[in-house]
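Let's take a friendly walk around two helices and see what surrounds them. Have the model open as you read.

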Amino acid sequence: MNAFTDRSGRAFYAGLLEGLIKVMGMWHGYLFQHGPRVSVIALRLGRSFDLDRQQLSELFFGAVLSDLGMIGLAEEALENPKPSLTEGARTEVQSHPKRSADTVSAIPYLGDVAPLVAHHHEWWDGTGYPHGLSGDAIPLSAQILRVADTVAALGEDRPHRSKLDPGDIRKEVQRALGHEFSPEVGKRFIGLMDQGEVHDFNDTFFRQSMLKAVEHLLPAKISGVNTDQLLEIFAGLIDAKDPYTGGHSRRVAGLSHAVAERMGLDESAQAAIRAAGYLHDLGKVSVPLRILTTPTHLDEAEYLEVKNHPGAGAHILQTIPSLQHLTTGVRYHHERWDGMGYPEGISGGRIPIVAQILAVCDAYDAMTSGRAYRTSKSHGHAMETVDQCLDTHFAPRPAGAFLTLPFEIFHRIKLSEQPRERDAAQPFTERLRTRTRSTRRTARQEG
Ligand SMILES: [Fe+2]
Ligand SMILES: [Fe+2]
Ligand SMILES: [Fe+2]
């Protein structure tokens, strides 16, 4: 095993955390750099309060993960050029610190960051959410994060306004002292600004801060169990985006691993295929919820957005050195053996073996899971379909191996989809599903 395929390595684990951060940016185009920008400002403030390395590392992760719970939430409202939210959307948005904290508390090694995340929208005067804490009842790190979050947002273009220049940001901070902001933290920020100590966002600095935070919070050796836990959380967030596919990524990971084993691939290849299974639909996070849940027929533009998801996911993985080996599997998981797939329409042996394996497991799971516009197929019926489509849709070798998997494996993988206590994304999935089913009759795309 090497650094790129060792799924229990720190580099791989840190790469997954970086992937999570990028996925959050992808969820909303204009927020792409928001988390990283908040982290850089928060670190600057944190250092001025003499926070130690441990606290700064937690502040870093708190800043970049604090809006994890926003994925898929109130999306239509946030796309609206007017900055107004309906009552329901407001309630959902106000619950995001709690949801983010639940998810973060389940990420191995980052549990201590959860309280900071939970309080990142509390206001000094007690009018914030979710608990309405006030004054010094709000942890100092969360007071810092509140200032950094707002200041970063003011410096960004948003659908309803242009970014503010530094002079106007200074005025806004001044106005918020004692209301939104702790007077001490707000004044400290103004002081740093006046001394020219607040710099424009810098990618290199962000990366270095990330590496330092990783070195500080993660042990040198990370167990495969912890990596699997992080992969499951990641997959839970991806699946939560599409209300009809709860547990889909986890099942595709389990089935793909079983097929790779059946085909006699070596252990590091099996591990990579399993990880690619968890992450194969990563790019769906950038597909708007209204498209994922749209009635049966998508128009051409909407279908193009759906077809974009393998490339969007691969694009993210490609930018993270320790995850680059997962790129091709993700990019080509919707290609077909006969060349009728997407995104490139490549055929036969030109399709990477990982993608061939993912494709058959993905299609089986789509067939056997219910979709709103049709009932699910039985295991037997789905197996028959795979058999019939061998050589056309599916690559013969992986599909042949798939067909020889004992029923026991399918049964076990299906059972493992019961929500676990540590999987904080699951209740969210359930809620989304209920909400969407009540308003929409059908869902559209597979896999
Ligand atoms: Fe937030
Ligand atoms: Fe897909
Ligand atoms: Fe899929």
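## What surrounds helix 8

In this predicted model, the buried residues of helix 8 are covered by elements that include helix 2, helix 3 (53–65), helix 7 (114–118), helix 9 and helix 10. Helix 8 is mostly covered, with 12 of its 15 residues buried. Among them are Ser141, Ala142, Gln143 and Ile144, and the list also includes Arg146, Asp149 and Val151.

How far apart are the end C-alpha atoms of helix 8? They are 22 Å apart, which agrees with the 21 Å that its 15 residues should span at 1.5 Å a residue.

## Helix 10 and its two sides

Now turn to helix 10, which runs over residues 183–194 and has 12 residues. From its first C-alpha to its last it reaches 16 Å, close to the 16 Å expected at 1.5 Å a residue.

Which residues of helix 10 are buried? They are Val185, Gly186 and Phe189. These residues cover an arc of only 100° around the axis, so they sit on the same side of helix 10. A general rule helps here: an α-helix has 3.6 residues a turn, so residues three or four places apart point the same way.

The buried residues of helix 10 have covers that include helix 2 (34–48), helix 8 (140–154) and helix 9 (166–176). On the other side of helix 10, Gly191 and Asp194 are exposed.

## Just past the end

Follow the chain a little further. Just after helix 10 comes Gly196, which takes a positive phi of about 70°.

How values were computed
Residues are numbered from 1 along each chain as its sequence is written. Chains are lettered from A and ligands numbered from 1 in the order in which they are written. This is a predicted model: local features need pLDDT of at least 70, side-chain atom pairs count only at pLDDT 80 or more; totals for chains, interfaces and linings use all residues. Helices (H or I, at least four residues) and strands (E, at least two) are DSSP runs, numbered from the N terminus. The expected span of a helix is 1.5 Å times one less than its number of residues. A residue is buried if 20 or more other C-beta atoms lie within 10 Å of its own, exposed if 12 or fewer, and partly exposed in between; C-beta atoms are placed from the backbone. The arc is that of the directions from the helix axis to the C-beta atoms. Two residues are in contact if their C-beta atoms, placed from the backbone, lie within 7 Å.
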